Amino acid sequence: QGRFHPDPNSVAAQSLPENRLLPVPAGSTRLGREWQGTKIYGWDNEFGRESRREVPAFAASEFLVSNKEFFDFVQDGGYATERFWSEEGWGWVSDMKPSSPRFWR
């Protein structure tokens, strides 16, 4: 039920709290990590030369995006609106011309 209800028009789906964007302040983050001495799991693409990067302030959704929210994005023309996409993402949309996720068909 709730965020996982299969019908986006159900009472459960319609009564979800608003998924607000929360501010995340600018700061620095570490990229990469050393293989030696690592005692916790990591994906292979996480290892390599360690560096620090500055990240500008941004906003992130309070909750994971629900199917209803994504359905609304698709219905509202999200795949035809450049401002919702990164440059690389818009290049993909422009080339592939999707109107929704392939598995929705």
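**Exercise 1. Is Tyr79 buried or exposed, and what is its relative accessible area?**

Solution. The model is a predicted one. Step 1: the relative accessible area of Tyr79 is 12%. Step 2: the cut-off for buried is under 20%. Step 3: Tyr79 is therefore buried, at 12%.

**Exercise 2. Describe the geometry of the ring pairs Phe70 with Phe73 and Tyr79 with Trp85, and place them in the cluster.**

Solution. Step 1: the structure holds ten aromatic pairs. Step 2: in the pair of Phe70 and Phe73, the ring centres are 5.5 Å apart and the planes make an angle of 35°, which is a tilted arrangement. Both residues belong to helix 2 (residues 67-75), where they sit three residues apart, about one turn of the helix. Phe70 has a relative accessible area of 28% and is partly exposed. Step 3: for Tyr79 and Trp85 the centres lie 5.4 Å apart with the planes at 55°, so this pair is tilted. Trp85 is partly exposed, at 23% relative accessible area, whereas Tyr79 is buried. Step 4: ring pairs join these four residues with others in a cluster, among them Phe71, Phe84, Trp92, Phe103 and Trp104.

**Exercise 3. Which residues make the nonpolar surface patch, and where is Trp104 placed?**

Solution. Step 1: Phe71, Phe103 and Trp104 make a nonpolar patch of about 330 Å² on the surface. Step 2: these three residues also belong to the aromatic cluster. Step 3: Trp104 is found in the segment after helix 3. Its relative accessible area is 32%, so Trp104 counts as partly exposed. Step 4: a patch residue needs over 30% relative accessible area, and Trp104 has 32%.

**Exercise 4. What is the sign of phi at Lys97, and where does this residue lie?**

Solution. Step 1: most residues other than glycine have a negative phi. Step 2: Lys97 is not a glycine, yet its phi is positive, about 55°. Step 3: Lys97 lies in the segment after helix 3 (87-96). Step 4: with a relative accessible area of 63%, Lys97 is exposed.

**Exercise 5. Set sequence separation against C-alpha distance for Pro25 with Ala57 and for Arg20 with Glu54.**

Solution. Step 1: Pro25 and Ala57 are 32 residues apart in sequence, and their C-alpha atoms are 4.6 Å apart. Step 2: Arg20 and Glu54 are 34 residues apart along the chain, and 25 Å separates their C-alpha atoms. Step 3: Pro25 is in the loop between strand 1 (21-24) and strand 2 (27-31), and is exposed at 66% relative accessible area. Step 4: Arg20 is in the loop between helix 1 (11-14) and strand 1, and is partly exposed at 41%. Step 5: beyond neighbours within four places in sequence, the contacts of Arg20 are Ala60, Ser61 and Glu62.

**Exercise 6. How many helices and strands does the protein have, and how does its radius of gyration stand to the globule rule?**

Solution. Step 1: there are three helices and four strands, in the order α-β-β-β-β-α-α. Step 2: the radius of gyration is 19 Å, well over the 13 Å from the globule rule for 105 residues, so the protein is more spread out than a compact globule. Step 3: along the principal axes, the C-alpha atoms fill a box of roughly 50 × 35 × 30 Å. Step 4: buried residues are 15% of the 105. Step 5: among contacts with a separation of 6 or more, 48% are between residues 24 or more positions apart.

Terms used: Residues are numbered from 1 along each chain as its sequence is written. This is a predicted model: local features need pLDDT of at least 70, side-chain atom pairs count only at pLDDT 80 or more; totals for chains, interfaces and linings use all residues. Side-chain values use heavy atoms; hydrogens and water are left out. Helices (H or I, at least four residues) and strands (E, at least two) are DSSP runs, numbered from the N terminus. Buried means under 20% relative accessible area, exposed over 50%, partly exposed in between (1.4 Å probe, protein chains only). Rings of Phe, Tyr and Trp (its six-membered ring) pair if their centres lie within 6.5 Å; planes under 30 degrees apart count as stacked, over 60 as edge-to-face and the rest as tilted. Patches are made of residues with over 30% relative accessible area and no salt bridge: like charges are joined within 9 Å, nonpolar side chains (Val, Leu, Ile, Met, Phe, Trp, Tyr) within 5 Å. Accessible areas come from the Shrake-Rupley method with a 1.4 Å probe; for residues, only the protein chains shown count as cover. A salt bridge is a side-chain nitrogen of Lys or Arg within 4 Å of a carboxyl oxygen of Asp or Glu. Contact means heavy atoms within 4.5 Å. The radius of gyration is taken over C-alpha atoms; the globule rule is 2.2 Å times the number of residues to the power 0.38.
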